[in-house]
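Okay, thanks for coming, everyone. Let me pull this one up on the screen, and then we'll walk through how the chains meet.

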Amino acid sequence: MLAVTTFTLILVMAMALIRGFAGPSIFDRVLAANLFGTKTVLLIAVLGFLFGRPEFLDIALLYALMNFISVIAILRYFEHTQKAEEGRSADE
Amino acid sequence: MLFATAIGIVLSRDLIAVVMLTGIYGFLSASFFVLMDAVDVAFTEAAVGAGISPLLMLLTLAMVGRKEQANRSRNFFALMLVTITGALLIIGTFGMPEFGSANAPAHTHVAPRYIEQSGAEIGIPNIVTSVLASYRGFDTFGEVAVIFTAGIGVLSLLMLKPAPSQVPLSNGARHHTVLRIVSKILIPPILLFALYVQFHGDYGPGGGFQAGVIFAAGIILYTMFFGVDVAQQVVSSAVLRVLAAFGVLLYGSVGLVSMLNGGEFLNYSVLAENPLTGQHIGILVIELGVGITVAAVMVMIFYCFAGQQSKQVEAEE
Amino acid sequence: MNDAIGFLSGALLLLGSFLIFTGALGVLRFPDTLSRMHAAGVTETLATTLLLMGLMLLAGWSLVLLKLIMILLFILFTSPTSSHALAKAVWRHQEDETKGGRHD
């Protein structure tokens, strides 16, 4: 059962990667990256169980944190650039 | 998947896509490290390569612009040079013993000694930490010095804004109420997790570097929502400068105390009556020094980058 | 009793994997950004919860259980938040493009 889950997770990660390459708008790519990150968290946790190494859970927690921060950072970046553009167009 | 991501990074013109692909690349390499059973390396790679590096790149992009400039000249000489060097390197690896072979010198002499003797000599379960902190303590000292130097370099290039005496209401994220509240709830556990990783490095994956990065990530999260000004009230740049230097000083002082106690520089066994206890104390203190310096330098670099951005916004107004 | 736990855990894992798969399929095949986000966001949190609960049943009473609970809590907090932030950004972006300016 764990093997089935691992295989599904890897498949889903590949699918997210396809969307990440293909997605027309930038937000699609952000979504794909976020999806990839959360699936990696689950993959590490499941692999930890498969290999019998509970230390992997620390890494899973770390990935979850980094994934969250990256997504928020990208969105703040968009907000900043949009605001700068608006500031410039409002001045004109 | 790694190969595809790398090709994507090189070929893509949109720099945001490059940043995200770099993040995905970081996650993938960390997964590989986990598969190869190198848990500590995966930890550090995840923290730095997948979290902090894309973050800093994004900050740079916010000032520079999204599209990569078209590179008109095609430099054949450079391409040839890179190809030849790469080919030489690859041919060189054929001479190396096979991956994981039992006859490799690293596996016959160095690694078994560490594995067999580290329990008796140092006595902590995590052999990676014992190698990093005690057997190769000089290397780690050099690494901390490098991080500190990088921080100084960034400081000298981009000056740090001094903490303002009055704090205006934060400009950016006022309407992001959900995100602010959630981050207020999340940040204390994140900092706690950083401390856990720091002190648990003896027994599980972790140690100073990873803990420093996690701690910095917590503060960066706070800065992203409340603005650099408010964040500087909490963790001011003067404190950061002192802390960055203090970490390196702590590390060096352990070495000096060892010398004062009659041993060589960074020989922890002489720090207490029982050599094992001495090793434990030494490792604990230097990991603390590493963690403090890494956290302080990361937050300092982030402040420098983010401060540039708000300076640019002010200059435009 | 152990068999029951094993069976339940397997069922949870299977359900979680199925949800993840359908979510990813939705992300690939839905026509619009917002609908893709809907597919990803809804299935992600639920599937993660189910998967982690399945793993928790396998773990038993130990430190591993506590760490799994912490991961679950963290993801429960952050995954909807990132979906919210992403949706807000997309909505703003689309509003900008259609109206040529915001009236915030």
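**Where the chains touch**

So, let's start with the contact of chain C with chain B: nine residues of chain C are in contact with nine residues of chain B. Before I go on, keep in mind that this is a predicted model. Together chain C and chain B bury about 780 Å², and 75% of that comes from carbon and sulfur atoms. What sort of residues does chain C bring to the side that touches chain B? An even split, really: three nonpolar, three polar and three charged. Even with charged residues there, the interface of chain C and chain B has zero salt bridges. What we do get across the interface of chain C and chain B is one residue pair in polar contact, both at pLDDT 80 or more.

Okay, next one: chain B against chain A. Here chain B puts in 47 residues and chain A puts in 37 residues. As a reminder, the size of an interface is often quoted as the accessible area that is lost when the parts come together. For chain B and chain A that comes to about 3900 Å², with 78% on carbon and sulfur atoms. Which parts of chain B give two or more residues to the side that touches chain A? You can follow them on the screen: helix 1 (2-11), helix 2 (15-35), helix 3 (39-64), helix 8 (177-199), helix 9 (208-234) and helix 11 (275-316) of chain B. If you sort the residues on that side of chain B, you get 35 nonpolar, eight polar and four charged. And how many salt bridges are there between chain B and chain A? Zero. Residue pairs in polar contact between chain B and chain A, both at pLDDT 80 or more, also come out at zero.

So where are the salt bridges? Over all chains, the structure holds two. One I'd like to show you is D28(A) with R36(C), whose side chains meet at 2.6 Å, N to O. That pair crosses between chains, going from helix 2 of chain A to helix 2 (residues 33-59) of chain C.

Last stop, the surface. There's a nonpolar patch made of L50(A), F51(A), F32(B), L35(B) and M36(B), and together they have about 480 Å² of accessible area. Helix 2 (26-51) of chain A and helix 2 of chain B each supply at least two of the patch residues. F51(A), for one, sits in helix 2 of chain A.

How values were computed
Residues are numbered from 1 along each chain as its sequence is written. Chains are lettered from A and ligands numbered from 1 in the order in which they are written. This is a predicted model: local features need pLDDT of at least 70, side-chain atom pairs count only at pLDDT 80 or more; totals for chains, interfaces and linings use all residues. Side-chain values use heavy atoms; hydrogens and water are left out. Contact means heavy atoms within 4.5 Å. Buried area is the accessible area (1.4 Å probe) that two parts lose on being put together, summed over both. A salt bridge is a side-chain nitrogen of Lys or Arg within 4 Å of a carboxyl oxygen of Asp or Glu. A polar contact is a pair of N or O atoms within 3.5 Å; within protein, one must be able to donate a hydrogen and the other to accept it, and residues adjacent in sequence count only if both atoms are side-chain atoms. Helices (H or I, at least four residues) and strands (E, at least two) are DSSP runs, numbered from the N terminus. Ala, Val, Leu, Ile, Met, Phe, Trp, Tyr, Cys and Pro count as nonpolar, Asp, Glu, Lys and Arg as charged, and the others, Gly among them, as polar. Patches are made of residues with over 30% relative accessible area and no salt bridge: like charges are joined within 9 Å, nonpolar side chains (Val, Leu, Ile, Met, Phe, Trp, Tyr) within 5 Å. Accessible areas come from the Shrake-Rupley method with a 1.4 Å probe; for residues, only the protein chains shown count as cover.
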